[in-house]
Amino acid sequence: MNIIRKEKRLCTCCMEEHEVSVVKYTDTAVFKDVTVEFEAVSNYCDLADEYYESAEMLAENDIAMKNAYRKKMGLLTTDEIISIRAKYGISQSDLCLLLGWGGKTITRYEGHQVQDNAHDSILKKLDADPEWFLNLLEKSRDQICPESFLKYQKTATQLYEVSGDSYLRKAIRAAYAKYIDNNNYNGNMKLNLDKVIDVIRYYANSGTVTALYKVKLMKLLWYADALSFKRFGHAVTGLVYRALPMGAVPVAYESIIDLNGIEYEEVEFEENTGYRFVSSDNHDYPSLNADDISVLETVIARFGKSTKAEIVKAMHDEKAYICTAKNDIIDFNYSLELSVK
Ligand SMILES: [Zn+2]
């Protein structure tokens, strides 16, 4: 038993005015045939040596007991349900509408009623899947006031974008898992996707890099990592590169260019589509240090204005490319003989 506080007031137990203690203690109860332990609060009268609870305490203890049951059964607690709803910024009644539940269902789940397993699963799915929330929202469009609709849509879209990125990052890290301890392949650097994004943004924003299409960008990435390895003994980004016909290309490059923060536009040519990386207003590169920037500036000075053909030719003349079999991973040790100083 812990005394939380003492207050002098009329004690409704002995009907005298004295210091009444508010105490916390571990209680046990049986709910739906399950025995649970929970923290309960109570008043304590020292004169009568008796515990007694106010109406609010009874309500609070009931919720604490049910949350202990929820935890034991792997169900969401009231606080977790409230935080899922808060994440989407949606009202209790509108969330019921979206889910096709009775209007007071969520209110009850955030209080004394324990949700069943089916509803619990639906709430967990909602928590993990903003795309699904957006689908449900679209279906309920006519029943929700237009202002609220737009507000919910905006919030869920932002959540969706962020979750999409974390999914993408996970997929890229999975593709790199087998190289994590191979320093010859990653250039003594663990994959750092924030650096990858900042390096690409740095090139796109530099103003002196012309026609930054995909092939050129891939070469500029490799040159930055190779030059950093030559100068400092480690790469900038931790990307692992394959020797493809047009030169070095990072593993999982298709996913990498879709990371949040990297912006490109699609340009239609006669035969195919080009991806041109474009500048943005954000000129902060929090993940890059002075060494990284010095390397990028050297690469920009050497190749910024190069055409795709010129940079591919330069790459083909590098020992790293000549000595690596087609489609194999390029060993960073060749970078010690890089043409760029
Ligand atoms: Zn008393």
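Modeller: A residue is buried when its relative accessible area is under 20%. The model discussed here is predicted.

Biologist: What makes strand β3 largely enclosed by the rest of the structure?

Modeller: Strand β3 covers residues 34–45, and 9 of these 12 residues are buried, so the strand counts as largely enclosed.

Biologist: How do you know that β3 pairs with β2, and which way do they run?

Modeller: Pairing needs at least two bridges. Strand β2 (residues 17–31) and β3 share 11 bridges in the antiparallel sense, with Phe 31 opposite Val 34. The hairpin they form has 2 residues between the strands, and Lys 32 there has a positive phi near 45°.

Biologist: What joins β3 to β4?

Modeller: There are 3 bridges between β3 and strand β4 (residues 50–52), again against a requirement of at least two. The two strands run antiparallel, and Tyr 44 stands opposite Tyr 51. In this hairpin 4 residues lie between the strands, and Asp 49 has a positive phi near 50°.

Biologist: Which residues coordinate the zinc ion, and why is the site called tetrahedral?

Modeller: The donors are Cys 11 (SG), Cys 14 (SG), His 18 (NE2) and Cys 45 (SG), at 2.2 to 2.3 Å. Four donors count as tetrahedral if all angles lie between 85 and 135 degrees. The angles here are 99 to 115°, so the site is tetrahedral. Along the chain the donors follow the spacing C-x2-C-x3-H-x26-C.

Biologist: Are Cys 11 and His 18 buried or exposed?

Modeller: Cys 11 has a relative accessible area of 0% and is therefore buried. His 18, at 10%, also counts as buried.

Biologist: Why is Cys 13 called partly exposed?

Modeller: Partly exposed lies between the 20% and 50% limits. Cys 13 has a relative accessible area of 26%, so the label applies.

Biologist: Why is there no bond between the sulfurs of Cys 13 and Cys 45?

Modeller: A disulfide needs two cysteine sulfur atoms within 2.5 Å. The sulfur of Cys 45 is the closest cysteine sulfur to that of Cys 13, but the distance is 4.4 Å, so it is too far for a bond. A search of the whole structure finds 0 disulfides.

Biologist: Which residues touch the most other members of the largest nonpolar core?

Modeller: They are Tyr 176, Tyr 203, Trp 222, Tyr 223 and Val 299, in a core of 57 residues. Helix α10 (214–232) is among the contributing elements, and α10 gives the most, with 10 residues. Another core, of 22 residues, lies apart from this one and includes Leu 99 and Phe 133.

Definitions and conventions: Residues are numbered from 1 along each chain as its sequence is written. This is a predicted model: local features need pLDDT of at least 70, side-chain atom pairs count only at pLDDT 80 or more; totals for chains, interfaces and linings use all residues. Side-chain values use heavy atoms; hydrogens and water are left out. Donors are N, O and S atoms within 2.8 Å of the metal (3.2 Å for Na, K and Ca); water is not among the atoms, so sites may look incomplete. Four donors count as tetrahedral if all angles lie between 85 and 135 degrees; four count as square planar and six as octahedral if opposite donors are over 155 degrees apart and all others between 65 and 115; anything else is irregular. Buried means under 20% relative accessible area, exposed over 50%, partly exposed in between (1.4 Å probe, protein chains only). A nonpolar core is a set of buried Ala, Val, Leu, Ile, Met, Phe, Trp, Tyr and Cys residues joined through side-chain atoms within 4.5 Å.
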